[in-house]
Every structure is written in structure tokens, then in C-alpha cells.
Amino acid sequence: MRTAEIKRRFLAHFETNGHTVVPSAPLPAIDDPNLLFINAGMVQFVPFFLGQRTPPYQRAASVQKCLRTPDIDEVGKTSRHGTFFQMNGNFSFGDYFKDGAIALAWELSTKSVDQGGLGLDGDRIWATVYLDDDEAIDIWHRAIGLPMNRIVRRGKADNFWSMGIPGPCGPCSEVYFDRGPQYGPEGGPEVDEDRYMEFWNLVFMQQERGPGAGKEEFPILGDLPAKNIDTGMGLERVAVLLQGVDNLYEIDEVRPILDRAAKLTGKSYGAHSGQLASASHPDDVRLRVIADHVRTGLMLISDGVTPANEGRGYVLRRILRRAIRAMRLLGWSGPALPELLPVARDCMAPSYPEIAAEYSRIASYAYGEEEAFLSTLRAGTTILDLAVGAAKTARQTVLSGEKAFQLHDTYGFPIDLTLEIAAEQGLSVDETGFRRLMAEQRRRAKADAQARKSGHADLSAYRGVLDSGGPVTFTGYTETARESTVRALLTETGQRVTVATEGEAVEVVLDTTPFYAEKGGQQADLGRITVGSGELEVHDVQEVLPGVVVHRGRVVRGEISTGGEAYAEIDITRRKAISRAHTATHLIHQTMRLFLGESATQAGSLNAPGRLRFDFNTPSAVSASVLHDVEQQVNEVLMSDLEVRAFITSLEKARELGAMALFGEKYGDAVRVVEVGDYARELCGGTHAARSGQLGLVKILSESSIGSGIRRVEALVGIDAFGHLAREHLLVSRLAELFRVPSEQVGDRVEATVAQLRDAERELEKLRAQIVLAGAGAMADTARDLGGIAYVAAEAPGGASANDVRTLAQDIRNRIVGRAAVVAVVARSGNKASLVVAVNTAGVQRGLSAAVLIKAALAGRGGGSAELAQGGGVAKSEAPALLAAVEQALVRVP
């Protein structure tokens, strides 16, 4: 049974049993500060479990895209570890509990294929339960009929689930399938989890836990008011069972990628391995890594992640580079992703049709990352060659762990390649030192992550506000001021208070508000809240929890208190300017897609009063002509004065209308659509102008790169754009006056003047070079003999450029023939001195190196080749000492 069919049957089974089918959230769509990616099927339902939001359904089912990277080094070595995976889940929010969860799981697992089930043999299914969960044991044995010898009690580490932070938790029951004696010894899951493969985990969330480390060191605070169900069936694991393969790398969504990699590298997968993944040949492990990582990279880019040096983008970069590295280690030297990524697309498109539709965008980022990494490999190889050469010169046999770590950490150069190249040169690598430095780096990263892990406990005061009064009502789409009631006051540290007096900073929660909280790239409203004789100046507005809008500010008059009648009024001028900028962002987004293609999707934005910043995905710079055309078309839309309309509809209907949804955003069943006539249509929760004509003017100021495959446009809107053009007009008028030409000729005259200045600079450069080189012959005649080496020490004339100094050193060197020669020339510029060393061919043949001499003089700084090297950055008073240091180094030459 194909993986896509397993997914279909799972959703159909639960939909038939009264569950609402919820689409998978994008991999990076995380509202949790503790996570970069969704790593479990229940993550998008966390607000329901924590009571932050009321679920719109009592039963739900989903197939969630997930990513886990902590065990990335184990990928390929076991049958269970993969980075990207899909989690089938069914959820109950205060509806059915243990009996319903177990019955539904058993029915789907064992029902025949003809009846829509998975057709697993019930006689080969085992269940584990928490130590004291007699209720679950009774259901498995009496209601389902599972024999007691196939029901195993296990401890807290294995059969008790929590999020790892204070919150809902509870015992769980894991469902296993016996794959047979060829996979390991009998005895159940406690004996061997390769033979007995877990494929479903049923979590009975009935308690609340407190703080504590690890899987066991935390207290149980009490029972939850409602008992919930959270289950997770590993889609890939079920595919392993139903497709009769040994591990998850051999299922239909992964194996074709592996086979293509094997064919390209001339390897025969499985020829030298045992049946268990743990008994695999290194080549098979690498092939599995390739298949897993290529698929993961495809899914990440599909969900809007692009390669970067931090955060989610770094995870993607590391995964892609591990796949490319593995191909290289298997002997493939050409570009790998153009061969492998299309195979991954064809594997995943049956379940995710959007991958095929977006493939050109996905491929552009993946292929660009491979090109960049191959350049990194070339640069790293050069640096490594120099390090190997230096080690050999020093008669060392081991390359330091610090150097290997530098290559890995700074240049992204894989340790495997460092080991390989060093071995070819007869050197070993201090792997212990390298691993120590890597471990230190991981500890620092883990400490940073733990420090970030404030989790949901820090939001308890806000959650209390939500529980006591429900969500705050936002009225800012239709009004800019309204009467309201102060629901809560909190200090900057999150402590609830009843009164705030003049001068105090405070956070105010109202029952209704016209203030827009910062989100979606739109800056927050500012304004004032009056409570009786007290007044608060609002300087920030945030939605700290879904439904909890916090107004942050300072009491500027009197005092305000909880329960007081309030009058909230936003800064209307600021709101209108921000709204115009937000509408302009939509127009630029749509127009960029028209000119650059559908792949030019939004990657971020900032909508501020009178200005905007729009980040978008595109692999290369946007030409000036295209920017001009985009700007012109946007302003033509403004001239058309199109109506801007916002309305609520279903997500499915919005997609049918062609509304753009942003990668990485998570949407509910009901969404807000903002459309500008028939020109632009987007899912958006922000505020906008009423008509496009209200924007007045949009002026694009700049376009630049902010990362691999991400460009940024900055623009002005409305009166700010007019002000910019007015200043430019004054500047052009002044230049026209100075050049005494009409305004339309200013550009030509400026170009001509610049060209004349450059010609003059070139002539001056020639004169300086002639002056500098005029003394080259006399300087060559001052050569002194140092052990058979002709040595010239000289200082360049004042005002000589760096290029002049290099030219002088080379000219002196070339005048000395018939013997080894070294020329050292210092130059002083400002308060600093620099040094150039040149060595002729005879000197290089004798073993002399300009690069070595420059480092000797500058205490390891500087660089270059054996023939020519340079460095500097020392005080100008040190110039004579530099020449003396070169001489001392030459004296020591044997």
C-alpha cells in the first residue's frame, strides 16, 4: 500500500467517526518560542490543550508534516531515525477518552484492506501501558481482546508523555507490531524495538505537570478539568510495515531517491549489509542520509524556508550540505541536487500537489545552495592545503583539532573531507580536539535554547486574564476610538496589580479595543487610553496570547484601576499612514509576482507610517528596468482608484478565489481576505486604505540582498513619497544651475564630469607610478648578500598607493637575475605601516616563500603566495622594524 493511500485511509477513517479533518500546518508555522519547526502532530493544537483557545471542534484528525533534527547524526544508522516525517493524529478535546482512542486505533489497524482498513494481523500487535494504568490494560484485554502476555507495563520514561515544560501530560499506550524473528529476538518491545516496531502512540492527557528536568524529574500537580486525547501514528513506520521493507528509507516516498543516488555513484545498495539498519555498510548509511535529507530539503523549501546562516535557514543549509557531502564521499563529483531533487518531487507530489506547482522556486534555492557549497568546498580545500603545508614545514604529523574546527565552523568544511585530504597527505587529524570543540559548541547552543525555554509558564498571568474574561474583541477595522472597560493591569514583569499611578509603566488589557497589535509586519497603533481622571500614553500593543491584547504604556496623568470605564483612542494620522503602507505592500507583492513569476513570494515585511519594507524570494537581483516597471504599474493601480475590500470566508473558498497565502503562516478554517479591486487578493489580518487612490504615490527607493535567495525592496508611500521627490527635484535644480544646463541634461553632464575625473585620476596614477618606479634601479643596486640571497630593504615614496608598492617590489625583484633574491618594501599611510615582500623564481626554487616571510615579520598576520605577499596594520613607527624582521628571518634560512 502506497504511503499516500495510507494517509487517505487514515483521514477517511476518522472523518467517518465524527472527526474534523484539519490540514497540516507548514513546518515552520510555530507559535511556540521553544520550537523552530513543528516536531509533533499535536503542536498546532497546543492552545486548545492549554486552554488558551476554545477548540472549534471536539474531535479532529490531521496528517502533520514534522521535522526533528536532534538525532541527525543517527540518520541512516537505524530503522527509526529520519529528519522529516509525517504524523497521523486523532485528537479529542474533552470528548472520548481511553476506551474511544484504543477502539478507534484497533479498528483502523486490523480492519481488512477491502473494508478501508490497514489490514494488520491483530495476533502480531502488542501494547505497552504506563505502570499503574489498570484502566488502559482492562480496555486492551477485555474490550479489544489482546492477550495479557502482549500487554507490557513500562515506566515514566517510556509511557508517560509531556511537552517537556509545565502543562498537560498523562500516561500513554504505545502500539507495536511484531515484524518477525528475522528482525530480532522474541520477548516484546522491552527486548527489541527493531523487531517490535512502534507505529502508534495513544496519549491520555489527564493531568498537569510542574517544572522539572528530563522525562521523569517533575511533579504531577493534579488532574486537568477535561480529559483529552492526542495520538500519533508514524506514517512512514506504517508504510514500512505495509510495504514489507526493512526500514523507512526503503518506502515508496524515499527509496527512489536512494536508488538514483546509488546509480549515480555506482553503488549497490544492500549488497554488503545485514537486514537490520544497525548492521549496515557505510555506503548504505550514506545513501540513506542522501535520500532522507534530499526529501527533507524539498519539504522545507516547499514550506517557505530558504538557506541561511541562522535559525530555520541554517537547519535547511546543514541538511542539504550533508546530502551533498555524502554524495561526494560516495565518489560523485558533479552537481547532485539536479539529479536527486526531481525524484523527491515525484515521490512526494501525490500527497502534496503544491510541490509540483512550486517546483521551479524550490529548485532555484536548492541548486543555488549546492553551487554555494561547492564554492565553499573549493575555498576550504585551498585553506586546508595551506594548513597541511604549514604542518609539513613544521615537521608535524597531526593537523590540530582547532584548525579542523575552524574549517568546519567558519567555512562549513566537513570534517570527513578534512580527514580524507589530510590522510592523502600523510597526516592525521586531532579528532579528539575537534570533537571537544564541537561538544563545547553544542553545549553552548543547548544552554541558549534552554535559556529561551520560558515556555508557557511565564504566560500564566495573561492566561488567567483570558480564562476570566475570554478573548479581547478587536474593533479597529471599523472604528478608531471606543468606550471600554479595564479588565486587567500588569507590571512589566507580568504581575497583576489593581492600580497604576502617574509615572508608572503598565500593561493594560481592555475588554474591547480599537488598537491594532503588532503582527504580520504591521506596526502597532499608538494612542491614549483615558480612565476617569487618569490617562495612559500607549507606546506599544502586542497580542501576547491568542485573544489577549496588551496595551503597553506609561500613566501620564492621575491613576487608572482595574474595572474602570475607559476610552481608548488611537493616533488616527499614524494609523492611516500605516494602512496606506500595508496596502502598498500588497500591490508591490502582486506586481513583483507578475514581473518575476509566481515564485516571488513574500518572505517578510514592515509596514510603518509612510514607508514599507518588502522581502521576497527570488534567486537573483532585480534589474533597475524591472523595478521601474513595477513602480509604474503600482502607481497606475493607484490612479485607477480601486476599492479595497476585506471579508471573511473559508480557507478553501479563499484559495478558490486565488487569494495569496504566505509561506510559514498558519491559518484557521475562517480567514480574512483583502482585495484591491481585481488586481491583488491576499489573506491578511492588517488594516488598509479604503481605496487605492488614497495611497497617492509609491516610490521605490532601493533593492538589495538580505540573504541567499531573498531580496528586499524599500519604498515610501503618500506624503513621504512626495516629500522625497520634492527633495530630489531641489537637488536636480541645483545641479542644473551649477552645470548651467536644462534639468533633463543633468544626468549626462554628471556622467561626463565623473568620466573626466576618472581619466584625471588614471593620469595621476601613471605619474605616481613613474615617480615610484624611477628609483627602482637604484634600489636594486643596494642589494646586500645574506648567505647567498640578495636582499633589498626599501621604503616607498610618500603618497604611494598599495598597488604602487606592490609594483615597486616586483620591479626591483625582476631587476635581480642570476641568484635568489628577496625584496621587502614598506610604506607609510596615515598612522599605519604596511609591508610587501617579493621573491624571484630562483629564491622560490631555493625554498623561500614571501608568504612565510610576511608572517614572520607581522607575527602571523598577512598572506599571499610564495612569489608575492603583503600585510600591515602596524604603527608607522614600526616600519624599520618590519624590514629588520624580514632580514632576521632570512639570516635563519639554511
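Reader: Which residue meets Arg762 in a salt bridge, side chain to side chain?

Author: Keep in mind that this is a predicted model. Look along helix H21, residues 746–774, where Arg762 has a partner 3 residues away, about one turn of the helix. The N to O distance in this salt bridge is 2.3 Å, and the partner is Asp759.

Reader: Is Arg762 buried or partly exposed?

Author: Buried would need a value under 20%, and exposed one over 50%. The relative accessible area of Arg762 is 48%, so Arg762 is partly exposed.

Reader: Which residues are joined into one network by salt bridges that share partners?

Author: Side chains of opposite charge can pair when their charged atoms come close. The structure holds 46 salt bridges. Where they share partners, one network links Arg528, Glu535, Glu537 and Arg557.

Reader: How many residues apart in sequence are the parts that Glu339 and Arg260 tie together?

Author: These two form a salt bridge, with their closest N and O atoms 2.5 Å apart. Glu339 sits in helix H10 (residues 337–348), while Arg260 belongs to helix H7 (residues 255–265), so the pair ties together parts whose separation in sequence is 79 residues.

Reader: What order do the 6 strands of the open sheet follow?

Author: Start from the edges: strand E30 (784–786) and strand E34 (863–864) each have a single partner strand, so one side of each has no neighbour in the sheet. E30 runs antiparallel to strand E31 (residues 789–795), and 3 bridges join them. The pairing in the sheet is mixed, and the order is E30-E31-E32-E33-E35-E34.

Reader: What angle does helix H26 make with the direction of E32?

Author: Helix H26 covers residues 879–891 and packs on the sheet. It touches E30, E31, E32, E33 and E35, and the angle between the directions of H26 and E32 is about 165°.

Reader: Which helix gives the most to the largest nonpolar core?

Author: That core has 112 residues, and Trp140, Phe199 and Leu298 are among those with the most contacts inside it. Leaving aside neighbours within four places in sequence, Leu298 is in contact with residues including Leu341, Met348 and Tyr359. The helix that gives the most, with 11 residues (its own range is 359–393), is H12.

Reader: How many residues does the other core have, the one with Ala461 and Tyr462?

Author: This core lies apart from the largest one. Val509 and Leu536 are also among its members, and its residue count is 31.

Terms used: Residues numbered from 1 in each chain as written. Predicted model: local features only at pLDDT ≥ 70, side-chain atom pairs only at ≥ 80, totals over all residues. Heavy atoms only, no water. Pairing = 2+ DSSP bridges. Helix = DSSP H or I, 4+ residues; strand = E, 2+ residues; numbered from the N terminus. Contact = heavy atoms within 4.5 Å. Axes fitted to C-alpha atoms, helices over the stretch in contact; angles between N-to-C directions. Core = buried A, V, L, I, M, F, W, Y, C linked by side-chain atoms within 4.5 Å. Buried < 20%, exposed > 50% of the residue type's maximum accessible area, 1.4 Å probe, protein only. Salt bridge = Lys/Arg side-chain N within 4 Å of Asp/Glu carboxyl O.
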